[in-house]
Amino acid sequence: MKRLFVFFMLCNFLSFADDGSRLWLKYDLIKSEGQRKIYNKTYKKIVVLNQTPGTALAAKELQDALTGLLGTNIPISYESNNVTSRKKSIVLGLTEQGAEEGFTITGDSRSARIESKSEIGLLYGTFAFIRRIQNLEPITFKLTDIPKIKVRMLNHWDNADGTVERGYAGSSIWKWPELPETIDPRLIQYARANASIGINAVSVNNVNASSRFLTPEYLRKIKGVADMLRPYGIKVFISVNFKSPKTLGGLETSDPLDEGVKNWWQKKTDEIHEYIPDFGGYLVKANSEGEPGPQDYGRTHADGANMLAAALEKRDGIVIWRAFVYNADINGDRFQEAFNQFKPPDGSFHEKVVVQVKNGPIDFMPREPFHPMFGAFPKTPLAMEFQITQEYLGQSTHLTYLAPMFKETLDSKVDANYTVAEIVDGTKDRFPISVMAGVANTGSDVNWTGHPFNQANWYAFGRLAWDYSLSSEQIAKEWTNMTLSHEPSVVNSIVDLMTESLPTYIKYTYPLGLHHMMGEGHHYGPQPWLEKSGRPDWTSVYYHRADSKGIGFDRIGKMSNAISLYSKEVQNKWNNPATCDLNYLMWFHHLDWTYKLSTGNTVWDELMIRYFEGPEDVKSMQSQWESLKGKVDSEFFDNVAGRLKTQEREAYWWRDACYLYFKDFSKLPLPNGLKAPSRTLEDVKNIERIYHLR
Ligand code: GCW
């Protein structure tokens with residue numbers, strides 16, 4: 001046993017190439033001997049005061065972490081509350097008082113204490129304590145932490161056939177054919193990772209839902225997943241297909257006001273609880289992009305949502321009803337549609353219903369103004385939906401750290417008094433439910449997320465759902481310390497790289513608030529010329545509105561009056577092109593190519609300067625990364641270095657596509673010093689065409 005331990009430690013010292021599978025829970029030996037000594041002197045045993053499965057789980061996690069990080073095997077003992085000497089111990093205990101999921105951790109030179117009212121709070125406290133050590137923080141501290149949002153959730157867009165909608169990291173992590181008999185041990189790692197950042201809910205299947213997930217066969221499988229996730233405090237939700245009473249139940253209708261349909265959902269809900277007694281609830285995409293919904297029967301979103309909520313009446317679960325809806329109206333503005341459809345029923349939703357709104361009004365674009373529903377629905381709890389998977393953000397080849405984007409939305413002021421975050425957490429309207437969801441970026445890839453840096457986006461989402469007041473730099477720093485290095489200069493350089501990555505991506509894709517110009521269907525790479533699709537608001541020209549005079553979507557009155565959906569304070573900020581934040585400019589204004597901006601440049605020049613700077617910034621990212629060679633794990637290093645090369649090539653693809661296409665409208669030369677690419681518009685169009693070949 002001892003020999004094995006020595007071997008393990010040796011491996012740790014030699015630091016084998018890292019495949020990324022352990023995420024930010026690496027627990028590799030802390031390289032600084034001095035630092036290890038400080039911890040080793042203080043932490044000699046783990047004392048658990050209340051022996052329960054939950055406290056044992058937390059103690060085991062702590063023991064594994066300390067064994068790896070400090071290189072010593074620290075014993076666990078279970079003792080009763082009245083033992084007096086706690087010297088050199090880390091004490092884990094359950095308390096009578098406190099918030100359900102919150103915890104207090106304290107430490108000084110003699111001992112440390114982790115306390116919570118609940119087992120799950122104790123596990124969260126344990127992970128917070130481990131994080132401190134992973135970040136080499138001082139041993140003297142006192143910290144009480146309570147999550148700001150109640151339901152902190154991952155939405156998996158995973159299908160029954162193992163594919164993942166908008167997934168860029170392999171296939172689904174749920175191996176449906178093998179479940180429930182075989183539980184992939186990787187799922188334990190997944191559960192630990194989620195618990196370590198406070199994620200406490202998971203919807204297992206795609207919102208474009210198959211009713212297959214409601215069959216007994218699949219409920220048995222989902223039960224297998226739920227049983228595995230439960231000790232880690234994670235509840236399971238199911239995305240449902242609204243037509244299930246018809247397709248699965250054989251009823252003639254799925255009309256939410258029909259008694260037979262209501263009964264069917266009641267029975268189904270009861271059946272689900274036989275498998276999963278602590279079922280989280282339903283997630284529903286209805287009457288959106290071809291999915292069925294109550295409107296198919298002349299009913300409203302509230303009719304549909306309330307019918308499902310009634311079925312959960314006697315249970316803890318809730319209904320999360322998505323607001324991502326829009327109609328195919330060439331003369332309309334998709335920006336306003338969710339607002340308009342949901343405004344009339346505001347106030348008529350069942351108290352178990354939360355309406356889940358995407359961060360911005362269109363669709364997870366790299367930069368969107370916050371969704372106008374936030375702040376305008378005082379009678380309905382609104383959940384935040386972010387997309388962690390990078391559908392429009394470079395998928396798994398571009399390095400784009402998303403915390404600054406999440407923060408930009410959460411910190412936006414909806415009026416003079418409140419931020420978006422304070423709408424979501426219920427501060428303003430005092431709802432008992434609060435939800436923040438992120439569309440998961442996990443898959444079967446060894447490192448879970450494809451691009452190794454995409455792990456940081458999963459991490460950041462969880463941290464912000466727990467506490468949105470954390471800064472994106474702090475989160476990046478934590479993640480880097482836990483994942484890559486403790487060397488301050490290396491950490492600073494990586495945090496810098498991460499912080500600059502989103503502005504860089506936006507420069508070469510969607511500068512000045514341009515949006516929705518990606519390749520049709522696959523959503524990868526540029527296609528600003530797209531003018532015909534299944535629906536007008538799936539094209540690019542619908543959004544950029546470039547013509548011989550100018551560019552941008554006038555939402556302050558001419559093309560639509562969407563700006564009026566915001567409070568007066570917000571309108572005042574954005575309705576004047578001379579003062580509107582340049583990052584949102586084309587979201588609200590159609591401006592002449594020669595319109596002079598606050599930068600002193602014309603619209604055309606400013607756009608081109610940004611487009612041409614983008615790929616150059618990617619090159620800087622590359623050299624910054626190169627300077628870290630030998631200072632971070634070699635496998636991680638090579639993986640990122642390769643992807644940065646792809647990113648560079650594709651940054652030029654975006655730049656050239658947008659320059660070559662828009663120049664035919666503006667008929668203006670490139671600003672001084674910028675050199676036109678040698679390829680033609682046809683050349684870049686051909687790159688996109690490849691994606692449609694069969
Ligand atoms: O962004 C779009 C995606 C769809 C997705 C939809 C949604 C699940 O392209 O793939 O469908 O949003 O959020 O419902």
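# Exercises on salt bridges, a pocket and a surface patch

By the rule used here, a side-chain nitrogen of Lys or Arg within 4 Å of a carboxyl oxygen of Asp or Glu, the count comes to 42 salt bridges. The model is predicted.

**Exercise 1.** Find which residue pairs with Lys-60 in a salt bridge, and say how the two are placed in helix H3.

*Solution.* Start with the general idea. Side chains of opposite charge can pair when their charged atoms come close. Next, take the distance. The side chains of Lys-60 and Asp-64 meet at 3.0 Å, N to O. Then look at the spacing. Asp-64 and Lys-60 are four residues apart in helix H3, so about one helical turn separates them. Finally, check exposure. Partly exposed lies between the 20% and 50% cut-offs. Asp-64 has a relative accessible area of 33%, so it is partly exposed. Lys-60 has 43%, so it is partly exposed as well.

**Exercise 2.** Decide whether Arg-192 and Glu-61 are buried or exposed, and describe the link between them.

*Solution.* First, the contact. Arg-192 and Glu-61 form a salt bridge of 2.8 Å, N to O. Second, the positions. Arg-192 is in helix H5 (residues 186-197) and Glu-61 in helix H3; 131 residues apart, they link distant parts of the chain. Third, the burial. Arg-192 and Glu-61 are both buried.

**Exercise 3.** Name the residues joined into one network by salt bridges that share partners.

*Solution.* The network holds Asp-18, Arg-22, Lys-26 and Asp-28. Now take one pair. Lys-26 meets Asp-18 in a salt bridge of 2.9 Å, N to O. Both Lys-26 and Asp-18 are buried.

**Exercise 4.** Describe the largest pocket: its volume, its lining and the elements that supply it.

*Solution.* Begin with volume. The largest pocket holds about 760 Å³ of space. Its lining has 32 residues, and Glu-101, Lys-150, Asn-200, Gly-233 and Lys-235 are the closest to the centre. Sort the lining by type. There are 15 nonpolar, seven polar and 10 charged residues. Last, trace the elements. At least two lining residues come from each of helix H3 (53-70), helix H4 (119-134), strand E7 (151-155) and strand E9 (235-240).

**Exercise 5.** State which residues make the nonpolar surface patch of about 330 Å², and place Ile-690.

*Solution.* The patch is made by Ile-690, Tyr-691 and Leu-693. Locate Ile-690 next. Helix H21 (residues 681-690) contains Ile-690. Then test its exposure. Ile-690 has a relative accessible area of 52%. Exposed means over 50%, so Ile-690 counts as exposed.

How values were computed. Residues are numbered from 1 along each chain as its sequence is written. This is a predicted model: local features need pLDDT of at least 70, side-chain atom pairs count only at pLDDT 80 or more; totals for chains, interfaces and linings use all residues. Side-chain values use heavy atoms; hydrogens and water are left out. On a 1 Å grid over the protein atoms alone, a cavity is a set of points where a 1.4 Å probe fits but cannot get out, and a pocket is an open set with protein on both sides within 12 Å along at least five of seven lines; lining residues have an atom within 4 Å of a point. Grid points are joined across faces, edges and corners, and a volume is the space filled by probe spheres set on the points. Ala, Val, Leu, Ile, Met, Phe, Trp, Tyr, Cys and Pro count as nonpolar, Asp, Glu, Lys and Arg as charged, and the others, Gly among them, as polar. Patches are made of residues with over 30% relative accessible area and no salt bridge: like charges are joined within 9 Å, nonpolar side chains (Val, Leu, Ile, Met, Phe, Trp, Tyr) within 5 Å. Accessible areas come from the Shrake-Rupley method with a 1.4 Å probe; for residues, only the protein chains shown count as cover. Buried means under 20% relative accessible area, exposed over 50%, partly exposed in between (1.4 Å probe, protein chains only).
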